[in-house]
Amino acid sequence: MSKVKLNLIAAACENMGIGANGTLPWRLKKEMAYFTTMTTKVSSPERVNAVIMGRITWDCIPDKYRPLSNRVNIVMTQQVESLKSKVPEGVIVVPSLDEAIKYIDSRPDIESTWVIGGSSIYQAAMEHPNCGKIYLTEIQKSFDCDTFFPNIDKQQFHLVNEEEIPEERQVEGDISYFFRVYKRL
Ligand SMILES: NC(=O)c1ccc[n+]([C@@H]2O[C@H](COP(=O)([O-])OP(=O)(O)OC[C@H]3O[C@@H](n4cnc5c(N)ncnc54)[C@H](OP(=O)(O)O)[C@@H]3O)[C@@H](O)[C@H]2O)c1
């Protein structure tokens with residue numbers, strides 16, 4: 001079996017919403033910086049991380065931030081050939097999570113793999129034998145959403161403490177949130 005560990009990273013509000021109208025329902029600068037740091041940081045400059053996302057999440061990233069910098073961007077779609085012709089060079093287009101893992105296995109320079117959404121990609125990653133941890137920012141407020149984080153099976157995933165992740169409540173404007181980590185047993 002592949003050694004690739006899939007880490008999920010998401011921000012969800014109280015009703016587990018993650019998106020509305022193709023965008024994020026909130027604007028949290030420090031939360032976004034946390035996402036960037038977590039998905040980018042590597043142990044040595046020769047290494048790089050991979051981010052795996054669904055085609056709609058790819059479409060939702062503003063042009064100026066796309067592809068996500070200093071990370072190998074992997075996009076999942078059922079229309080591989082059509083999307084391949086539209087994405088910039090270096091972006092990997094795959095028809096399944098297993099194909100994404102196969103690609104990552106072929107790249108010894110890839111250190112960590114981050115699954116960055118949306119819903120069905122998170123679901124597939126949580127059900128995958130290579131799933132490791134879920135880094136979930138729990139926003140203490142409800143927003144109107146049309147896209148949701150899938151149910152986390154608490155029999156399988158347990159809350160853990162990670163040294164480098166702040167445990168205390170984070171506050172930005174009138175919104176507070178916690179950085180949580182769930183690990184699959
Ligand atoms: N809060 C957060 O942390 C967070 C994170 C990510 C996204 N979001 C939000 O979530 C929304 C987008 O997420 P979404 O759930 O609607 O869409 P998504 O998961 O990003 O993309 C769905 C698309 O991915 C492809 N896909 C899905 N499962 C696949 C599979 N098993 N094999 C191959 N391709 C597959 C299909 O593309 P084709 O149709 O091309 O075949 C499908 O239409 C946006 O509002 C975004 O802002 C929020």
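**Exercise 1. Classify the accessibility of Glu-99 and of its salt-bridge partner, and place both in the fold.**

Step 1. Glu-99 has a relative accessibility of 31% and counts as partly exposed. The classes are buried (under 20% relative accessible area), exposed (over 50%) and partly exposed (in between), using a 1.4 Å probe and protein chains only. The model is predicted: local features need pLDDT of at least 70, side-chain atom pairs count only at pLDDT 80 or more, and totals for chains, interfaces and linings use all residues. Residues are numbered from 1 along each chain as its sequence is written, and side-chain values use heavy atoms, with hydrogens and water left out.

Step 2. The partner of Glu-99 is Lys-102, with the closest N and O atoms 3.3 Å apart. A salt bridge requires a side-chain nitrogen of Lys or Arg within 4 Å of a carboxyl oxygen of Asp or Glu. Lys-102 is exposed, at 55% relative accessible area.

Step 3. Both residues belong to helix α4 (residues 97-105), where a spacing of three residues separates them by about one helical turn. Helices are DSSP runs (H or I, at least four residues), as are strands (E, at least two), numbered from the N terminus.

**Exercise 2. Determine which parts of the chain the salt bridge between Glu-111 and Arg-47 ties together.**

Step 1. The two side chains meet with an N to O distance of 3.6 Å.

Step 2. Glu-111 sits in strand β6 (residues 110-115) and Arg-47 in the loop between α1 and β3 (48-54), so the bridge ties together parts that are 64 residues apart in sequence.

Step 3. Glu-111 is partly exposed at 28%, and Arg-47 is partly exposed at 32%.

Step 4. In the whole structure, 10 salt bridges are found. Among them is the pair Arg-66 and Asp-63, at 3.2 Å from N to O. Here Arg-66 is partly exposed at 25%, while Asp-63 is exposed at 62%.

**Exercise 3. Describe the surroundings of Thr-39.**

Step 1. Thr-39 is part of helix α1 (residues 29-40). Its relative accessibility is 0%, so Thr-39 counts as buried.

Step 2. A polar atom of the Thr-39 side chain lies 2.7 Å from the backbone oxygen of Phe-35.

Step 3. The side chains of Thr-39 and Arg-71 are joined by a polar contact of 2.9 Å. Such a contact is a pair of N or O atoms within 3.5 Å; within protein, one must be able to donate a hydrogen and the other to accept it, and residues adjacent in sequence count only if both atoms are side-chain atoms.

Step 4. Leaving out residues up to four places away in sequence, Thr-39 touches Ile-9, Asn-49, Val-51, Arg-71, Trp-114 and Ile-116. Contact here means heavy atoms within 4.5 Å.
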